[in-house]
Amino acid sequence: MSVSYDPARVTVVDHPLVQHKLSILRDEKTGTKQFRDLVSELAVFEGYEATRDLPLEDVQVATPIREATCKQLAGRKLAIVPILRAGLGMVDGLLELIPAARVGHIGMYRDEVTHEPHEYYCKLPQDVDERICLLVDPMLATGGSATAALEYLRKQGVSDIRLLCIVAAPEGIKAVQDADPSVKIFACAVDEGLNESAYIVPGLGDAGDRIFGTL
Ligand code: U5P
């Protein structure tokens, strides 16, 4: 059964370099160190797309040649919010891109029987409601964790949230879109769907285990 979601609210970052790196990431033979590096690299590409619409303002710069009117970022600051534990793998890449961003953490674990998400730890920047939040988790499977994290951030007053995942399942995209009509979703690939254990097919397995070598 195919799941329909609104493709207009999903950006698939399908740059050739992204597709190439993602193929290596999916390969079961790829080891922990390379997997971790690739997750970080893919986060940079996603961060680049997810920040494409940040507002700019003029700034005067004295180059060695003359004065010039240049651009700098204006407006709201950013927060990177990984969903623990796999989301941590995307933080370093995003911080390379946006060094001034603050980092908040949301801990969700998934009940192995019911697949329901449970929140066990949350620590966010104090002014999170004034920031654009990049909520990150490499895998958007059922969407349970992302939906719960989004709900939590909305309760803290965050208005602009961009969900960055590497691989998404249509089921997860639909669940997130149904629960939160204004979130923007970014993914490197939208896969076929979920298996009976709520893993993404073909996916890449358990992202947290592959990032941290706990297989
Ligand atoms: N997850 C994976 N691989 C999958 C499916 C899920 O690693 O194929 C993990 C991710 O770590 C993510 C969570 O944090 O499960 C998302 O699951 P869900 O709440 O979207 O179902």
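Hi everyone. A strand, in what I'm about to show you, is a DSSP run of at least two residues, numbered from the N terminus. With that in hand we can place Ile200, which sits in strand E15, covering residues 200-201. Please keep in mind throughout that this is a predicted model.

Let me start with the sites that come from UniProt. An unreviewed entry there marks Ile200, Gly205, Asp206 and Ala207 as "binding site". The same kind of label, again from an unreviewed UniProt entry, is given to a list that includes Arg85, Arg110, Asp137, Pro138, Met139, Leu140 and Ala141. Asp206 is named in both annotations.

Is Ile200 buried or exposed? Its relative accessibility is 7%, and the cut-off for buried is under 20%, so Ile200 counts as buried. What does Ile200 touch, once we set aside its neighbours within four places in sequence? Its contacts include Met139, Leu140 and Ala141, three residues that the other UniProt annotation lists. Ile200 is also in contact with Val167, Ala168 and Ala169, and with Asp191, Gly193 and Leu194.

Now on to Ala207. You'll find this residue in helix H6, residues 207-212. Ala207 has a relative accessible area of 5%, so it is buried too. Leaving out neighbours within four places in sequence, Ala207 is in contact with Phe35, Ala86, Pro138 and Met139. So which residue does Ile200 contact that Ala207 contacts as well? Met139 appears in both sets of contacts.

Let's follow Pro138 for a moment. Pro138 lies in the loop between E8 and strand E9, the latter being residues 139-140. Despite that loop position, Pro138 is buried, at 2% relative accessibility. Beyond its neighbours within four places in sequence, Pro138 contacts Ala86, Gly87, Met90, Cys165, Ile166, Val167, Ala207 and Ile211. Ala141 is another loop residue, between E9 and helix H4 (144-155). Ala141 counts as buried as well, with 13% relative accessibility.

Next, the interior. In soluble globular proteins, nonpolar side chains tend to be buried together. The largest nonpolar core here has 35 residues, and those with the most contacts inside it are Leu25, Leu164 and Ile166. Which elements supply at least two residues each? They are helix H1 (16-26), helix H2 (32-50), strand E4 (78-84), helix H3 (91-97), strand E8 (132-136) and H6. H2 gives the most, with 6 residues.

Ile166 is a good residue to click on. Apart from neighbours within four places in sequence, its contacts include Leu22, Leu25, Val39, Leu42 and Met90. Asp137 and Pro138 are also in contact with Ile166, and UniProt's unreviewed entry lists both of them under "binding site". Apart from this core lies another, of 25 residues, among them Val128, Leu163, Ala168 and Ile173. Ala168, you may remember, is one of the residues that Ile200 contacts.

Time to come out to the surface. Tyr109, Tyr120 and Tyr121 make a nonpolar surface patch of about 350 Å². Of these, Tyr120 is found in strand E7, residues 117-123. Tyr120 has a relative accessible area of 47%, which makes it partly exposed.

Last topic, the charges. How many salt bridges does the structure hold? There are 16. Arg9 and Asp6 form one of them, at 3.1 Å, N to O. Arg9 is partly exposed at 26%, and Asp6 is partly exposed at 29%. Another joins Lys29 to Asp27, with the closest N and O atoms 3.7 Å apart. Here Lys29 is exposed, at 70%, whereas Asp27 is partly exposed, at 30%.

The pair I'd finish with is Lys184 and Asp53, whose closest N and O atoms are 3.7 Å apart. This salt bridge links distant parts of the chain: Lys184 is in strand E12 (residues 184-187), and Asp53 is in the loop between H2 and strand E2 (56-62), 131 residues apart. Both count as partly exposed, Lys184 at 34% and Asp53 at 46%. The two also belong to a network of salt bridges that links Asp53, Arg76, Asp160, Arg162 and Lys184.

Thanks for listening, and I'm happy to take questions.

Terms used:
Residues are numbered from 1 along each chain as its sequence is written. This is a predicted model: local features need pLDDT of at least 70, side-chain atom pairs count only at pLDDT 80 or more; totals for chains, interfaces and linings use all residues. Side-chain values use heavy atoms; hydrogens and water are left out. UniProt positions are given in the numbering used here, feature names are shortened, and annotations may be inferred rather than shown by experiment. Helices (H or I, at least four residues) and strands (E, at least two) are DSSP runs, numbered from the N terminus. Buried means under 20% relative accessible area, exposed over 50%, partly exposed in between (1.4 Å probe, protein chains only). Contact means heavy atoms within 4.5 Å. Patches are made of residues with over 30% relative accessible area and no salt bridge: like charges are joined within 9 Å, nonpolar side chains (Val, Leu, Ile, Met, Phe, Trp, Tyr) within 5 Å. Accessible areas come from the Shrake-Rupley method with a 1.4 Å probe; for residues, only the protein chains shown count as cover. A salt bridge is a side-chain nitrogen of Lys or Arg within 4 Å of a carboxyl oxygen of Asp or Glu. A nonpolar core is a set of buried Ala, Val, Leu, Ile, Met, Phe, Trp, Tyr and Cys residues joined through side-chain atoms within 4.5 Å.
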